[in-house]
Amino acid sequence: MEKRLLSERDICSKYILPALVSAGWDLQTQIAEERTLTAGRIVVRGKLVARGQKKRADFVLYLKPSIPIAVIEAKDNRHAASDGIQQALSYSKMLRVPFAFSSNGESFVFHDATGQSHQTETEVSLDSFPSPDELRAKLLAWKGLTEAEAGTVLHPYFDSGKEPRYYQMNAVNASLEAIAKGRKRLLLVMATGTGKTFTAFQIIWRLWRSGKNKRVLFLADRNVLVDQTMVNDFRPFIGSMAKLSTHSKTIERPNGTHEKLAVAIDRRRRINTAYEVYLGLYQALTGPNESQKIYRELSPDFFDLIIIDECHRGSAAEDSAWREILEHFSDATQIGLTATPKETEYASNINYFGEPVYSYTLKEGIKDGFLAPYKVIKCHLDRDVEGYRPEPGQLDRNGSEVEDRIYNIKDFDRTLVIDDRTKLVAQRVTQFLKESGDRMQKTIIFCVDQEHAGRMRQALINENQDLVTKDSRYVMRITGNDKDGLNELANFIDPESDYPVIVTTSRLLSTGVDAQTCRLIVLDREIGSMTEFKQIVGRGTRIHEDTGKYFFTLMDFRGATSHFADPEFDGDPVQIYQPGPDDPVMPPDDGGTSTGRDVNGTETIVIDPVAPGQPGEPAGPDDLGGDQRPRRKIYVDGIGATIIKERVEYLDADGKLVTETLRDFTRKHLTRRFASMDDFLRRWRAEDRKQVIVDELAEEGLDLELIGREIDAGLDPFDLVCHVAFGVKPLTRRERAENVKKRDAFTRYGEQARAVLEALLDKYADEGVLTLDDTNILQINPFSNMGTPVELMRAFGKKPDYLRAIHDLQGALYEESA
């Protein structure tokens, strides 16, 4: 077959692949074809959820699995060999590799960013493609790596059957390069939900198996983080791994099996030094008293590598407990993992660990489609906006006079309690869940402290009595000192467990908890720290395709989402909704507002002589923040509170917040794709299979079928584009089909052929079928009752005659418009 008639895929298989194999590249371990790099950004408009176009490289070449070195972009032979080089360069930058190639099956264009070639860009023949050894030598010289260092940098990954994502490969490979060159302190910044623990495992595995590091410590500050890590990502270390704890524990894995965790500390608090990989809480290794500093039993050179998970919380401050452990083992290589590097006057990750060796942000994760985008509902309460000043002689619930001053949002639920405000929040959250059509979506409500979380739990129970009657765990409080709640934490984060559904908390769930199916996050406390705000947003950013979770909602009652305006924030929401008092809580599908019922509430204030925990219980460290002193609270009844406004914005393709309807969003993206009506008509006429155009738009995040359902279900994709993008009055599919019949376009065919064409028109009118040229359609009703596919095609002559008739039919459908 003539080369110019071959498809791009044929060029890949018949010319490019043989050239690679001939140059010495191993087909099984070094060549990946059609390698998908991103998942495709998730586009959310109202109830519409669609994936944008994935980034996919035609070929990625590897020195070893997951250690990429080059990218090749192919074009068909009607293009020049260089036409794909810019696309190849964009992929090579993503993969942080210096070599990019493009080809049309005649030759290769080779872009060498290492500066090792005479020219940066050259053309090479098919039989002169560089070998793995040639590119390896150039790579090592470019990176300044010796052969000894390359032994570490190029050591194989652990093959779990799970292909690392491109940014995980970048993080792992960048870390090994820095360590091989002698760097002792490293910082990795990776957004919540992007697999920091999996990344840490591969770093440890490769350093451990290459002999670079033999004893490893993985530090966290919560038991659940250590336990999850041991039974999931770190599972291959079993036999060589133990937890630095005196308490043995059995963990249930997602598949229902049970795993007993090995412990390395006996009851006399002696550490078993026979293991190689240790995981532990810094609280178990140190404390204010000298007798608690158990880490000092180990010599300063005991560990070769220490990885600190969520290092923004503990290790940043110079006088922190983590810092003393790190300084004791100062000779070890130390890697800090965080989603939110901490930079304040008093604490700095970067000052300790240095600039990040790799960073992958929330914004990048959402853009690539690996993280869930989100909508924001901003709820402004009158008391929060206007403040509250007691009437002269106002008494609290205990009969004491309330101090005469203005109480504002900083006081509510901290020093002054208005219970009706709590009830109003509970009503609004419940209303949202009801309007969404799914009252079983996992929800986290962040409260001021444990006492507030307890009152919020009660208010939600009273608003959801029907579901609480079915299972009392429908609403639960999970805080640092609530044993019953903590016992249900594992069930809350387990996608297979229905209960608990709604949990109230203070700070315990703000970070590190892998709540994959969380669809609603409610903020009913102020969040002053950008670090904590990013962590809380991160509780919802995981995608869970099995349960159809592709985005989540953030409901803000305290103005915490003002952090979106901070330049430090790097992952804006897709929608911010601010309904008025009479509007529904659920954002309308078109991004505007619509009428709904009002939710009124009356409120309260009171005095609580007990600490923020439950009466008689000490407050947990997760829930007091920096202030460990018990607070007196004033409870006042009969004050009242109302929602005064709420609102919604979307995140556009450029990362900017806009108030935009689904129609506006579609129009903007269609006019980017087609500059004018004539431009669209030319493309529509030129494409024999109209479905190809529809599929291309779907890959770009414009699913015309879904958009049509929202705007007008009776419109053909052709009319949908013309109407939405260019303002042309549309015809329905039924009107188009009837117009064809009126023109007697089928008079030249026999009776049976005309019956087939009329049935096809009806199929198009009823179901919007564009693939009329697919002969499989003749196997279903009503055609299956009219004869076999062969018999029906024979009514037109031969198969080509049938296909020509279908082509004419499709042309007739759009004759007036085109």
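In what sense do strand 21 and strand 24 pair, and over how many bridges? Parallel, over five bridges. The close-ups below start there and come from a predicted model.

**View 1. Strand 21 and its two parallel partners, strand 24 and strand 23.** Strand 21 covers residues 442-446, and its partner in the five-bridge pairing, strand 24, spans residues 518-523. Look for Lys442, which sits across from Cys518 of strand 24. Strand 23 (residues 502-505) is also parallel to strand 21, and four bridges link the two. Here the pair to find is Phe446 and Thr505, with Thr505 belonging to strand 23.

**View 2. Strand 21, buried on both faces.** Lys442, Ile444 and Phe446 point one way, while Thr443 and Ile445 point the other. Whichever way they point, all of these residues are buried. That makes five out of five for strand 21, so the rest of the structure largely encloses it.

**View 3. A cis peptide bond at Tyr499 and Pro500.** Most peptide bonds are trans. The one joining Tyr499 to Pro500 is cis, with omega at about -5 degrees. Pro500 belongs to the loop that runs between helix 18 (489-493) and strand 23, the strand that has four bridges to strand 21.

**View 4. Glu73, a buried acid with no salt bridge.** Glu73 is part of strand 5, residues 67-74. What is the nearest side chain of opposite charge to Glu73? That's Lys75, 4.5 Å away; a salt bridge would need the charged atoms within 4 Å. Leaving aside residues up to four places away in sequence, the residues that Glu73 touches include Arg56, Ala57 and Asp58. Gly84, Gln87, Ala88 and Tyr91 are also among its contacts, as are Phe101, Ser102 and Ser103.

**View 5. Ser66, a positive phi in a loop residue.** Most residues other than glycine have a negative phi. Ser66 goes the other way, with phi near 70 degrees. Find Ser66 in the loop between strand 4 (56-64) and strand 5. Is Ser66 buried or exposed? Its relative accessibility is 7%, so Ser66 counts as buried.

**View 6. Arg269, another non-glycine residue with a positive phi.** Phi of Arg269 is about 60 degrees. Arg269 sits in the loop between strand 13 (258-261) and strand 14 (277-281). With a relative accessible area of 34%, Arg269 is partly exposed, whereas Ser66 is buried.

Technical notes:
Residues are numbered from 1 along each chain as its sequence is written. This is a predicted model: local features need pLDDT of at least 70, side-chain atom pairs count only at pLDDT 80 or more; totals for chains, interfaces and linings use all residues. Side-chain values use heavy atoms; hydrogens and water are left out. Buried means under 20% relative accessible area, exposed over 50%, partly exposed in between (1.4 Å probe, protein chains only). Lys and Arg count as positive and Asp and Glu as negative; His and the chain ends are not counted. Contact means heavy atoms within 4.5 Å. Two strands pair if DSSP finds at least two bridges between them.
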